[in-house]
Amino acid sequence: MKLVSFEWQGRAGFGAVIDAGIVDLGQAFNGRYVSLKDLLAADAVGEAAELVSGRQADFQMSDVTLLPVIPDPGKIWCCGLNYHAHVQETNREVTEQPTFFLRVASSQVGHEQAIVRPRESTQLDFEAEIAVVIGKGGRRIAPADAAQHIAGYACYNDGSVRDWQRHTSQWIPGKNFWRTGGFGPWMVTADEIPFDTRLKMVTRLNGQEMQNTTTDMMIHSIAKQIAYVSTIAPLEAGDVIVTGTPGGVGARRHPPVWMKAGDVVEIEVERIGVLRNPIADEQ
């Protein structure tokens, strides 16, 4: 099942994607759950699947504005330097433990919404990643148990304002400019993608392929990432782990390739879909 968060006529909602459009799950549940995060916290994905079966679409996809898959996550943990090719191109070394930083919710946009290049920089870069959405919370989750805590997977563009990222050894400023990252178009539930499935991931900028990898090239597995961050603080339903980007980022090309107004960037992940965002300058 594909689950989305959306806005329709000024109202936020969430639903399931079917061939004909979107089933409004807030309406189907008679208001019992008000958001996708709320649905995950109640462990009601299975119940949602039963409600959707045989139901007609309430909206066409073109009727709504898609929001980030989880518009209001409690935590967005992002894993850096997690593919060998990206470690090489940045002249770093593989570390025994994963590198993490945090993003805030306001740094994200949904599918087909503009990623915004801030006035303060022209160095807006792309990073194709897979987002893991947590369904079942927990603390100090063992790697062997990690799969039980995953609600689903989505495409993610960890958009980065590179010069601000490099101001100091801390990356957070360049990773949190308003509306610089993409998260969508939907979450594919974990039952559709067996845990540890090898998935292909591609970035295209204006139709030109920029990144291409498979998830078996990760240095630190999704299971290890879940175990690591859940040791720091309890994971909760709706939390997001963004699992790392491969080589080929714009900053490491010769000459560098920066996203600019009028560009279109696509992140495609096998068995999930395509996250597409135009680029606009901040007004």
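Strands, here and in every legend below, are DSSP runs of at least two residues, numbered from the N terminus, and two of them are said to pair if DSSP finds at least two bridges between them. All views show a predicted model.

**View A. The hairpin of E17 and E18 has three residues between its strands.** Strand E17 covers residues 264-269 and strand E18 covers residues 273-281; the two run antiparallel and are joined by six bridges. Val-269 of E17 stands opposite Gly-273 in E18. Within this hairpin, Arg-271 adopts a positive phi near 70°.

**View B. Five strands form an open sheet with mixed pairing, in the order E8-E18-E17-E14-E15.** The edge positions belong to strand E8 (115-117) and strand E15 (208-214), each of which has a single partner strand, so that one side of each is left without a neighbour in the sheet. Averaged over the sheet and with direction ignored, neighbouring strands are turned by 20° against each other. E8 pairs with E18 in the parallel sense over three bridges, and in this pair Ile-115 faces Ile-279 of E18 as its opposite residue. Strand E14 (residues 200-205), by contrast, pairs with E17 in the antiparallel sense over five bridges, where Thr-203 is placed opposite Ile-267 of E17.

**View C. Thr-213 is found in the edge strand E15.** Although E15 has a single partner strand, Thr-213 has a relative accessibility of 12% and therefore counts as buried, the limit being under 20%. When neighbours within four places in sequence are left aside, the residues in contact with Thr-213 are Tyr-83, Leu-199, Lys-200, Met-201 and Pro-246; of these, Lys-200 and Met-201 fall within the residue range of E14.

**View D. Tyr-153 is a buried residue of strand E11 (residues 150-157).** Its relative accessible area is 4%. Leaving aside neighbours within four places in sequence, the contacts of Tyr-153 include Ile-130, Ala-131 and Val-132, as well as Trp-186, Met-187 and Val-188. Ala-190, Ile-193, Phe-195, Ile-222 and Ile-272 are also in contact with Tyr-153. Between Tyr-153 and Val-240, which are 87 residues apart in sequence, the C-alpha to C-alpha distance is 9.4 Å.

**View E. Cys-78 and Cys-79 are not joined by a disulfide, the structure holding zero such bonds.** A disulfide is a covalent bond between the sulfur atoms of two cysteines. For Cys-78, the closest cysteine sulfur is that of Cys-79, at 9.0 Å, which is too far for a bond, given that a disulfide requires two cysteine sulfur atoms within 2.5 Å. Both residues count as buried, Cys-78 at 0% relative accessibility and Cys-79 at 2%.

**View F. Domain 1 (2-66) and domain 2 (76-281), as given by the domain assignment of the protein chain, are in contact with each other.** Taken over C-alpha atoms, the centres of the two domains are separated by 25 Å. On the side of domain 1, 11 residues are in contact with 14 residues of domain 2. The area buried between the domains is about 950 Å², and carbon and sulfur atoms give 73% of this area. In domain 1, the residues that lose the most area to domain 2 are Lys-2, Leu-40 and Leu-66, which together account for 56% of what that side buries.

How values were computed. Residues numbered from 1 in each chain as written. Predicted model: local features only at pLDDT ≥ 70, side-chain atom pairs only at ≥ 80, totals over all residues. Heavy atoms only, no water. Helix = DSSP H or I, 4+ residues; strand = E, 2+ residues; numbered from the N terminus. Axes fitted to C-alpha atoms, helices over the stretch in contact; angles between N-to-C directions. Buried < 20%, exposed > 50% of the residue type's maximum accessible area, 1.4 Å probe, protein only. Domains from an automatic or database assignment. Contact = heavy atoms within 4.5 Å. Buried area = accessible area lost by both parts, 1.4 Å probe.
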